[in-house]
Amino acid sequence: MMPRSSSSLAIALLERVVPDSDALAGDLLEQVGNGRSPAWLWTQVLAAVVTALVNPTDDIRPLKLVELQPADAIERSRRFNLQSCQINLTASPLHGAGGLTLALFGVLLTQLASVLWWVLLLSIVAGTLLGIGLIVCHRRASARSPFVFEGLVPRYASRSALVLAMVVASSAAFAQTPTPAPARSSRPAFDVSSVKINTGGGRGGAIQPGRFAQSAVTLRQLIRLAYGSNQIVGGPGWIESDRFDVEGKGTFDLRGFLPGPNGTPPAVYQMLQQLLEDRFTLAVHTAIQDRPVYALLMARRDQQAGSQLTRSAFDCEALLAATVGGRLPAPPPQAALPRCAVGGAPGHLMADSIEMSQLAAALSPFTDRVVLNRTNLPGRFNVDLQWTPELTGPAPTPSANAAATDAPPALVTAIQEQLGLKLEPITAPIEVLVIDNANRPTPN
Amino acid sequence: MPRMLLTDFELMIVLAILRVGDEAYGVQIARDIETTVGRRVLMGAAYAALDRLERNGLVASRTGDPTPERGGRAKRYFQVTKRGVAAARDTQRALITMWNDVPQLKAKHP
């Protein structure tokens with residue numbers, strides 16, 4: 001068995017030098033776990049490092065984006081501002097290459113003028129001290145790191161469709177806006193809460209004045225709800241399999257499920273964060289990683305939308321104000337979608353009067369990637385999108401796969417034909433929520 | 001649209017994805033090439049090729065859920081797109097055409 005430290009060192013080197021190497025690192029760790037030797041791991045890592053250095057990827061760099069894609073540049077700059085301690089002293093696109101280059105330069109210098117050996121020594125000492133300083137600075141910043149809510153698209157139950165849909169719609173809009181989470185000390189908490197192991201009940205939930213409940217829910221789903229992040233990394237395996245019934249009661253009305261006036265997270269979700277910390281000893285932090293995402297773009301040269309993407313002039317803000325004020329409008333006809341909401345199931349997505357950012361967020365769960373709105377389409381739209389969902393279950397035979405890949409990718413084609421939009425795979429820096437610690441809940 | 005021809009390694013990767021099926025990820029792709037072709041695969045080179053294929057729209061990838069045995073890292077599943085299948089066919093056709101024009105090789109393959 002390979003020493004853990006050696007394995008960790010190799011993987012750390014890989015992730016430091018090779019961009020977007022999460023899956024590669026996972027593959028290597030999996031194979032080491034299956035009996036591959038340390039020499040094999042180091043060979044693979046060094047080869048990957050050399051490959052990355054020789055063939056750098058087309059990583060998005062701020063200076064290029066300013067010229068070509070101002071929106072991306074602004075987005076990236078904003079995100080980097082959240083990580084104030086990430087400093088690339090050499091402006092090298094390959095993280096870590098700067099330090100190696102400096103070390104190499106020092107060695108060459110001592111070869112040319114041996115009396116200058118102290119330059120190399122001084123460089124090493126100064127670099128070590130600088131590294132320690134940056135690590136300390138980073139840890140302090142992580143402790144107060146603001147959470148960024150993005151891509152939150154909770155699926156809602158039909159029985160409380162109207163109120164819940166309004167919450168969902170406004171939450172999705174809220175999810176597009178980075179908002180710092182309050183510090184633990186100022187975070188509200190449920191007056192009474194309960195966490196039980198689910199004993200067979202079906203998946204469901206309740207969003208009511210004074211009550212929040214979820215049944216047969218996994219910790220991963222709760223984290224997604226509480227922190228508004230679809231990109232969750234790490235954590236033990238049971239967070240996706242063990243199911244719980246969670247209930248919290250407190251002094252709040254439906255406004256508690258909506259973002260605050262300054263874009264702060266909904267009070268109830270802050271309470272849920274506190275509950276997860278208390279009962280699951282959950283600890284998380286955010287990190288920015290270059291991840292494969294989809295850019296939602298206009299597909300046609302004439303910039304025309306498809307027949308299933310129609311403009312809506314409905315005033316959702318007025319409806320939202322009326323709803324939280326207790327003046328509920330008449331319920332929609334049977335099987336009709338509530339106003340200003342998005343819903344549906346795999347294979348059919350319907351939306352009434354939503355913004356394009358909400359559509360992008362709603363598409364994300366069906367693509368397994370974050371979808372970023374790059375359409376620049378203002379206003380609200382009605383959407384009725386139908387596609388053939390991907391099959392789940394046992395892996396098909398190779399011949400079945402070959403046959404399936406002859407057919408166009410269903411969702412991508414539907415988006416293009418019905419909405420006049422397209423999904424373009426890109427790599428972009430996005431926030432991921434990293435689970436540092438999670439334990440099964442303590443008894444009530 | 002101009003034909004897109006694949007390098008030998010890209011072709012092996014595309015074929016391996018099609019052979020493995022919908023659950024094709026890095027480990028299985030490399031294993032399939034190693035056991036079938038007998039060629040040692042460097043994972044970094046495989047991912048570099050996969051990234052290149054994805055940028056060209058020949059394969060698509062999706063991220064699975066992270067698992068503990070992978071250090072909390074998610075698998076990246078790959079699928080060959082329609083365009084990727086067409087590129088593999090074009091490459092096969094081009095190679096066979098060249099192959100057929102070489103008398104020495106034709107003689108060895110009746």
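Here is a friendly set of questions and answers about a predicted model with a chain A and a chain B.

Colleague: Let's start with the contact between the two chains. How many residues does it take from chain B and from chain A?
Modeller: Remember that we are looking at a predicted model. The area buried between chain B and chain A is about 3300 Å², and carbon and sulfur atoms give 49% of that area. As for residues, the contact takes 41 from chain A and 41 from chain B.

Colleague: Which element of chain B gives the most to the side that touches chain A?
Modeller: Between the two chains, twelve residue pairs are in polar contact, with both residues at pLDDT 80 or more. On the chain B side, helices H1, H2, H3 and H4 and strands E1 and E2 each supply at least two residues. The element that gives the most, with seven residues, is H3(B).

Colleague: And by class, how many nonpolar, polar and charged residues does that side of chain B have?
Modeller: Helix H3 of chain B gives seven residues to the side that touches chain A. Sorted by class, that whole side has nine polar, 17 charged and 15 nonpolar residues.

Colleague: You mentioned charged residues. How many salt bridges does the rule find across the interface of chain B and chain A?
Modeller: Side chains of opposite charge can pair when their charged atoms come close. One such pair here is A:Arg36 with B:Glu34, at 3.4 Å from N to O. Over all chains, the structure holds 17 salt bridges. Across the interface of chain B and chain A, the count is four.

Colleague: Why does the salt bridge of B:Arg73 and A:Glu15 join two chains?
Modeller: The side chains of B:Arg73 and A:Glu15 meet at 2.7 Å, N to O. B:Arg73 lies in strand E2 of chain B while A:Glu15 lies in helix H1 of chain A, so the pair joins two chains.

Colleague: Is A:Glu15 buried or partly exposed?
Modeller: Its partner B:Arg73 has a relative accessible area of 14%, which is under 20%, so B:Arg73 is buried. A:Glu15 has a relative accessible area of 31%, and because this lies between 20% and 50%, A:Glu15 is partly exposed.

Colleague: Which residue of chain B forms a salt bridge with A:Glu30?
Modeller: The closest N and O atoms of this pair are 2.7 Å apart. The pair crosses between chains, from helix H2 of chain A to the loop between E1 and E2 of chain B. A:Glu30 counts as buried at 13% relative accessibility, and its partner counts as buried at 0%. That partner is B:Arg70.

Colleague: Which residues are joined into one network by salt bridges that share partners?
Modeller: We have just met two of the members, A:Glu30 and B:Arg70, which form a salt bridge with each other. Salt bridges that share partners join one network made of A:Glu30, B:Arg70 and A:Asp27.

Colleague: Now a pair within chain B. How many residues apart are B:Glu54 and B:Arg76?
Modeller: These two form a salt bridge, with their closest N and O atoms 2.7 Å apart. B:Glu54 counts as buried at 8% relative accessibility, and B:Arg76 counts as buried at 6%. The pair links distant parts of the chain, from helix H3 to strand E2 of chain B, and the residues are 22 apart.

Colleague: Let's turn to rings. Which residue forms an aromatic pair with A:Trp238?
Modeller: The count over all chains comes to six aromatic pairs. In this one, the planes are 80 degrees apart, which is over 60, so the pair is edge-to-face. The centres are 6.4 Å apart, and the partner of A:Trp238 is A:Phe244.

Colleague: Where does A:Phe280 lie, given that A:Phe244 and A:Phe280 are paired too?
Modeller: A:Phe244 and A:Phe280 form an edge-to-face pair, 5.2 Å centre to centre. Both residues are buried. The pair links distant parts of the chain, 36 residues apart, with A:Phe244 in strand E5 of chain A and A:Phe280 in helix H10 of chain A.

Colleague: To finish, how many of the 444 residues of chain A, as a percentage, count as buried?
Modeller: Chain A has twelve strands and 14 helices. Among its contacts with a separation of 6 or more, residues 24 or more positions apart account for 78%. The share of chain A residues that count as buried is 45%.

How values were computed
Residues numbered from 1 in each chain as written. Chains lettered and ligands numbered in written order. Predicted model: local features only at pLDDT ≥ 70, side-chain atom pairs only at ≥ 80, totals over all residues. Heavy atoms only, no water. Contact = heavy atoms within 4.5 Å. Buried area = accessible area lost by both parts, 1.4 Å probe. Polar contact = N/O pair within 3.5 Å; in protein donor to acceptor, adjacent residues only side chain to side chain. Helix = DSSP H or I, 4+ residues; strand = E, 2+ residues; numbered from the N terminus. Nonpolar A, V, L, I, M, F, W, Y, C, P; charged D, E, K, R; others polar. Buried < 20%, exposed > 50% of the residue type's maximum accessible area, 1.4 Å probe, protein only. Phe/Tyr/Trp six-rings, centres within 6.5 Å; stacked < 30°, edge-to-face > 60°.
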